[in-house]
Amino acid sequence: MCISFGDTMRKAAVIVLILLLSLVPYAGAQQKQKFEISSVGFRLIEWTVDGKNIISAGERGALGKSYPLWDWLLSEPWPGSLATVKYELQKEGSRVVGSAEAGQISVEKTFEVLDKNRAELSVKLTNTGDETFRSDVSWDGFPLGYALAWAGYLGNPGGEQQIWIDAGGSIHIESKNWVRIGAKLKAFGLVDFGEGLIALVFPKEETTALWLESSGWGMETRAEFPPLVLKPGESRTYRFSIFTGKIDDLRNAFPEIYNDLKPYISKENYKITFETPDFPVEGEKIEVTVRLAPREPSGGYGILKAGLSCGESREVKVPLGRPSSLTLTGTARESCRISAELEVNGTPLSSAEQNIPVFKKGGKPLYVVFIWHNHQSPGVWPNGTLHGPWGLIHAYKNELEPYYKGGAYYFHAWILQKYPQIKMTYHLSPSLLWQWNLSYSRWCQSYPRYQCFNSTSPEAKMVRETMGLYRKLYGRGQIEILTSYFAHPISGYIAEKYGWFDLLNYELSLGKRTTEEVMGVNATGMWLPEMAFSMKLVPLLENHSITHFALDDRCHLNTIYPYSPYHLYGIQNSSLLVLFRDHTISDDFAFNNNFRSEEEAREKAKKIVEEILAVRNRDPDAEVVTIAADGENWIIFSNNPGLTARYFEFLLQYLSEAQERGLIKTATFEEVTKILKPYREVKPLSTSWLCSWDKWTTEKRSKQQPMWKKDEEAYSLIQEYRKKCGDDAVYRKALYGLSQALDSDFYWAEFIYDRHVYAWLNWTEGLIKANMGKCSTTGITGEVSSSTSAEKRGICGPGTLVLFALIPLLLRRRS
């Protein structure tokens, strides 16, 4: 039998084609999912959807980036060893095994990818020690031991919401911060309806509680399990199923969850929003606009129905292929609500509803005091080189583009000029002012690289311009400037535990003098670092002519008194006055500000002003609302600093509008102390704005306790010198060195920098030992010196630091 050449070629071509096709990867279930697990903490840092990694996170202190699947033995200081230890990884295809030692606990984690959406995680903890291991805490009344979290962002930062499913199958969509809920969980995670992405973790073991948190690093849901007790050699394994990908992918994997999410999905596809009036007063005529914006325009028509509980209702035929709107009118009254629904062929496709805040105009204005805590630690080595020049960088660097020039410190003062009717209070910490003052001479910094600047550099000129703006605002009475200790000590804790009042007296004297020399302000208002208060500080503050400061309503007032925080208070048996910041509104403003658009930023700014105005609705006797927060961190640590700065300008615009309508009156702290009479006298709790000292003392015990021990040794050595030699220049220099070491920034659990602390403690110890035998004075008592005598003696600092900073500071008075 013969085969023609043409047939042979055709058959060969078919064979070759088959062989080529066999080399092409199968694009179905067998296609490999691209993922990555980090060696530090064994966390998920990559999971691709349509070729794009949807896992991202912001920086979160000691945790690093807040990537998902970080876990925690809750008896350990945050963030614990499980999330920060380095794991030895073994990779086999779609399976990764990590092992590590965390004290007496041996950890083995296994992450295995099943398909493009699903994975399994197991965490095995084994007690390899000789004693029983316990992780057993009680938080908010819940006994807890182990936790695992999904955190960060899905896709592009912003737009995420917390999602959790209870044991009964009910879905909860949240956007909460610092909330713990008792819950037996079926699943928890994040969802972004705007991008159509979801991540769900299904715990196999029974949970006790759920923690919800959000900040600049993203959103978090954290499952918390019962106490963990392991005898020697005993193990415990926690198992989790994970689903990550598009919401549409839930159709086949979890159809019941997908069906429950349909209303949320439909709302996003045919989004209904409302334009409500700004701060309506009861009895006013109002207009509300209802807008429909199809996400994926289609043909046909629907019926948009809308009703205003304090006004009219309407329904109109609307095209589904383009945006449309309708307007309703009514009369503002309490409990006014707007609702709308889109129907297509009798079936509801989307709906929305919203309360319209309505306010009452009282006889007396509601005063609003904003206190912005602008602070940077000195961040300097004993040789005078700045290792943390943030006080300068956040003035001269253009970090708010494309919206504004300069850094966060410059921006605050520059933007406030545009709104002369708005008054605010600024704490410009003395250590921050010390850095700014370097712009008149020169400075050298080792970060981000070693470089030096002189007074003619553009950076120095920008810093001086920043100072000039604050002086101008102060000069025209638009702002008050608060003073403080020089280097931000946790003075309440120091007073309670150690009683180092000569140190605190020295620091406050130096701080007040720095404020006066640099800004020309003899300040009587004070910012207590970390709001760390103790009644033992009262005589010290009065001796330095301090008259007023702010504390926290939740931690200092409401823990012991049932009083409203919306008044001016007196401190028992003293001349001191105090305002209590609204913890909820302050933290909402400062910690929930990751925006995707100017519209989101504008809406949130309006919400903040509505929260302030709502105080008078809840408490008709309220006299003053105090908002106190960092001035710079909520800007520079956000995902989009420029857009977050825009948020602040929107806030100023809405404050101006509310003030023009007679609903509020912004004032400086000092003005309020002259206008209002003390409501009551109180004895605030000795604590910080976090309601404890733990953040600086025990959360990272292994690091923090040795630093405090070394502080004690240094102080004892200083007192030994003082007893022998008196309050001479060496003694004051030694106090300066100890002040540098005690700046609270370097003890904060997530940002511990013990290298700075030990550098200054070693410098101080060396100074004392080198001079101990050189003095002749003996028998000097160690009483606390007064502010006046301290000023007469002058204030000294070490070596190069004096040459580069303190001499220009003390000799140059700038008007």
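**A chat about bridges, strands and backbone angles**

Student: What does Lys 204 count as?

Tutor: Lys 204 counts as partly exposed, at 48% relative accessibility. Buried means under 20% relative accessible area, exposed means over 50%, and partly exposed lies in between (1.4 Å probe, protein chains only).

Student: What kind of model is this?

Tutor: This is a predicted model: local features need pLDDT of at least 70, side-chain atom pairs count only at pLDDT 80 or more, and totals for chains, interfaces and linings use all residues. Residues are numbered from 1 along each chain as its sequence is written, and side-chain values use heavy atoms, with hydrogens and water left out.

Student: Back to Lys 204. Which side chain does it meet in a salt bridge?

Tutor: That of Glu 120, at 3.6 Å from N to O. The term salt bridge means a side-chain nitrogen of Lys or Arg within 4 Å of a carboxyl oxygen of Asp or Glu.

Student: Why does that pair matter for the layout? Where do the two residues lie?

Tutor: Glu 120 lies in strand β9 (residues 118–127), and Lys 204 lies in the loop between β18 (197–203) and β19, so the pair ties together parts that are 84 residues apart in sequence. Helices (H or I, at least four residues) and strands (E, at least two) are DSSP runs, numbered from the N terminus. Glu 120 is partly exposed too, with 27% relative accessible area.

Student: How many salt bridges are there in the whole structure?

Tutor: A search finds 38. One of them joins the side chains of Glu 213 and Arg 60, at 3.2 Å from N to O. Glu 213 sits in strand β19 (residues 209–215) and Arg 60 in the loop between β4 (55–56) and β5 (70–73), so this pair ties together parts 153 residues apart in sequence.

Student: Are Glu 213 and Arg 60 buried or exposed?

Tutor: Both are buried.

Student: Which residues are linked with them in a network of salt bridges?

Tutor: The network links Arg 60, Asp 140, Arg 180, Glu 213, Glu 220, Arg 222 and Glu 224. Take Arg 222 and Glu 224: their closest N and O atoms are 3.0 Å apart. Arg 222 is buried, at 4% relative accessible area. Glu 224 is buried as well, at 0%.

Student: New topic. How many residues of strand β6 are buried?

Tutor: The number is 0 of its 5 residues (88–92), so β6 lies largely in the open.

Student: What joins β6 to β7?

Tutor: 5 bridges, and the two strands run antiparallel, with β7 covering residues 95–102. Two strands pair if DSSP finds at least two bridges between them. Glu 92 has Arg 95 in β7 as its bridge partner. The hairpin has 2 residues between the strands, and Gly 93 there takes a positive phi near 65°.

Student: Which residues other than glycine have a positive phi?

Tutor: Among them are His 488, at about 60°, and Asn 573, near 55°. Most residues other than glycine have a negative phi, and most peptide bonds are trans.

Student: Where is His 488?

Tutor: In the loop between β34 (479–482) and α8 (491–497). His 488 is buried, at 3% relative accessibility. Asn 573 is found in the loop between β37 (569–571) and β38 (577–581), and is exposed at 76% relative accessible area.

Student: You said trans. Which peptide bonds here are cis?

Tutor: Trp 78 to Pro 79 is one, with omega near 0°. Tyr 447 to Pro 448 is another, with omega near -5°. Pro 79 is in the loop between β5 and β6. Pro 448 is in the loop between β32 (442–445) and β33 (451–454).

Student: And β37 and β38, which sheet are they in?

Tutor: An open sheet of 5 strands, in the order β35-β36-β38-β37-β41, with mixed pairing. β35 (525–526) and β41 (681–682) stand at the edges, each with a single partner strand, so one side of each has no neighbour in the sheet. β37 and β38 run antiparallel, joined by 2 bridges. Gly 570 stands opposite Leu 577 in β38.

Student: Last one. Is Asn 117 buried or exposed?

Tutor: Asn 117 is buried, at 8% relative accessible area. Its place is the loop between β8 (105–113) and β9.
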